[in-house]
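This report looks at how charged side chains pair in one protein chain and how two of its helices meet. Please keep the structure in view while reading.

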Amino acid sequence: MSIFGSSHFGLPRLKPLSSKRAHVVSVLDIGSTKIVCMIGRLTPRAESEILPGRTHNVEVIGIGHQKSRGVKNGVITDLDAAESVVRLAVDAAERMAGLTIESLIVNVSAGRLQSDVYTATIDLGGQEVDANDLRKVLAVAGQQSLRQDRAILHSLPTGFSLDGERGIRDPLSMFGDVLGVDMHVLTAERAALKNLELCINRAHLSVEGMVATPYASGLSALVDDEVELGCASIDMGGGTTTISVFAEGKLVHSDAVSLGGHHVTTDLARGLSTRIEDAERLKVVHGSALPNAGDERDIVTVPPIGEDDRDQPTHVPRALLSRIVRARIEETLELIRDRIQRSGFSPIVGKRIVLTGGASQLTGLPEAARRILARNVRIGRPLGVSGLPTAAKGPAFSTAVGLMIYPQVAELEEHAVQGGMLSQLTGGNGRIARMGQWLKESF
C-alpha cells in the first residue's frame, strides 16, 4: 500500500492482531548507523502479571543488520546506496528465518517529528455515552489535526472528560451533558516519508505501517510501571536523539534532536585529525562522558589520517579525548533537558528517565545524564522478546524490537481520514458526507 496513490492520502495502517492465531511480522529499522531487518513470530499469550500490556509472545526467527549507507540524521540522502543496504539486511533475515517477506513495518526518525494535543467536545444532552458518541468526539478531534503538508503517524486519545471532570479513561455507558477528549497527534513531513517509502519500494517491498522511532524504542525499553506513572525514554542513535514521554499507559509527547553518537565520532576525527573509523574505535575503547583522575597520565595512540607509511601515529593524553567526547554529550543532554522542560511534560516525567539506543552505551553516560537532567537514569534494553542473538540484546536494538511490539498496541490509535480526492467528495461538510452521516445516525 503506497502513500503516493492511496485514496485517503494517509499512511498505511496495521490491522488488529487476531487473539486466536499466530502472526509473522517483519520490521525494518532504518538508522543513520545501521539498518536492521527482523522477522518474528507473534503467538497469542494468556494474561500475565509480567508485561501485562502485551497480548502476544514475540519470538525472533530471523535477523539481518548492515552498516547504514545513504542515510544521514534519519533522512534518506542517497536512494541507491540505502536501497542496496536494505536489500542485504532483508536477505540475511529471510535466509535465517527460511521464508520470504513482501511487506514491512518501518521506523521514522526524519520529517521533523511534531507532537500536538487537540481537544474536542460534543453535547450529550444528559444521555448515556455510547460507541457512536465516542466515534463522533474522536472524529472531531481528528479533523482538527489534518494538514496538507504533514502526515499523521500516530493519533492517540490520552484522556476523556465528562462535564469538565478530567482523567476518565473509558467513558462508555457513563452519563453526562458534555463529552470531551484530549488527542495526542504525532506528525511528520510528507516528503521525508515518501522518500523512505520509495527506498523500500525500490527493493521490491511494500510498507505495512510506519512507526515513529521514539514510540517504538519506548515500547520495548520501558516496564509497565514506568509507562503508567510517567517516564521519558531517550533513544540516542547515530544521527538523531529522540524523546518520548509516556503516562497512564499512553504516549503523550515526542520530540527529536538532530544530534547523536556519530557527531561525537566526527568531533574526535576533526579534533585528533584521524579517520572516521579510527575515531569510532577510539570513542568506543577510550571515550568517557566522565572525567577520570588517571586521564592526564594515560596516553592514547591516534592513527594518522593519510595512507603514507612515513606518517607516524600521534600520542595524546586520554584527557583530551574525553574532553572532546564530554563537550558533545553535555550539549546533547542539555538540549534534551530544555526540550522536556519546554514541552510542559516535565512534571509528568518526574524523576524517571530511560536511556536507550546505540549511543547510550558510552562509558559514564548514565552518570553524566543524572547530573545534567537531575533525574534517576537507567539504561533500557529490549524487554520480553525471545530468540534474540546475544549481540542484539543491547540498547542499540530497542527500536527494531519496539517495531515488533507495535502491532499489539496499534488498535489504541484513532485515525481521521485525510484529504485526498475521495475524501473531498465524501469528507468534511460535503453533501455525500452529510447524507452518509444522517443515514448512520438514523438507522
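## Salt bridges and a helix pair

Glu226 is buried, since its relative accessible area is 11%, and under 20% counts as buried. The model described here is a predicted one. The side chain of Glu226 forms a salt bridge with that of Arg378, at 2.8 Å from N to O. Glu226 belongs to helix 5 (residues 224–229) and Arg378 to strand 18 (residues 376–379), so this pair ties together parts that are 152 residues apart in sequence. Arg378 is partly exposed, with a relative accessibility of 28%.

In general, side chains of opposite charge can pair when their charged atoms come close. Across the whole structure, a search finds 20 salt bridges. Three of them are described in this report, and the table gives their N to O distances.

| Salt bridge | N to O distance |
|---|---|
| Glu226 and Arg378 | 2.8 Å |
| Arg202 and Glu83 | 3.1 Å |
| Asp295 and Arg318 | 3.2 Å |

Arg202 and Glu83 meet through their side chains. Arg202 is in helix 3 (residues 190–202) and Glu83 is in helix 1 (residues 79–97), so the salt bridge ties together parts that are 119 residues apart in sequence. Are these two residues buried or partly exposed? Arg202 is partly exposed, at a relative accessible area of 30%, whereas Glu83 is buried, at 12%.

Asp295 and Arg318 form another salt bridge, with their closest N and O atoms 3.2 Å apart. This pair links distant parts of the chain, 23 residues apart: Asp295 sits in the loop between helix 7 (276–286) and strand 15 (299–302), and Arg318 sits in helix 8. Asp295 counts as buried, because its relative accessibility is 5%. Elsewhere, Asp80, Glu83, Arg87 and Arg202 are joined into one network by salt bridges that share partners.

Helix 8 (residues 318–343) also packs with helix 6 (residues 261–272), at an angle of about 140° and with the axes 9 Å apart. The two helices are therefore oblique to each other, as an angle over 145 degrees would be needed for roughly antiparallel. Helix 6 passes helix 8 in a right-handed crossing.

Which residues make this contact? From helix 6 come His263, Val264, Asp267, Leu268, Gly271 and Leu272, and they meet Leu320, Leu321, Ile324, Val325, Arg328 and Ile329 of helix 8. Sorted by class, the contact holds eight nonpolar, two polar and two charged residues.

How values were computed: Residues are numbered from 1 along each chain as its sequence is written. This is a predicted model: local features need pLDDT of at least 70, side-chain atom pairs count only at pLDDT 80 or more; totals for chains, interfaces and linings use all residues. Side-chain values use heavy atoms; hydrogens and water are left out. Axes are lines fitted to C-alpha atoms, for helices over the stretch in contact, and angles run from 0 to 180 degrees between N-to-C directions. Helices (H or I, at least four residues) and strands (E, at least two) are DSSP runs, numbered from the N terminus. Angles under 35 degrees count as roughly parallel, over 145 as roughly antiparallel, 65 to 115 as roughly perpendicular and the rest as oblique. A crossing is left-handed if the near helix is turned anticlockwise from the far one by less than a right angle, and right-handed if clockwise. Contact means heavy atoms within 4.5 Å. Ala, Val, Leu, Ile, Met, Phe, Trp, Tyr, Cys and Pro count as nonpolar, Asp, Glu, Lys and Arg as charged, and the others, Gly among them, as polar. A salt bridge is a side-chain nitrogen of Lys or Arg within 4 Å of a carboxyl oxygen of Asp or Glu. Buried means under 20% relative accessible area, exposed over 50%, partly exposed in between (1.4 Å probe, protein chains only).
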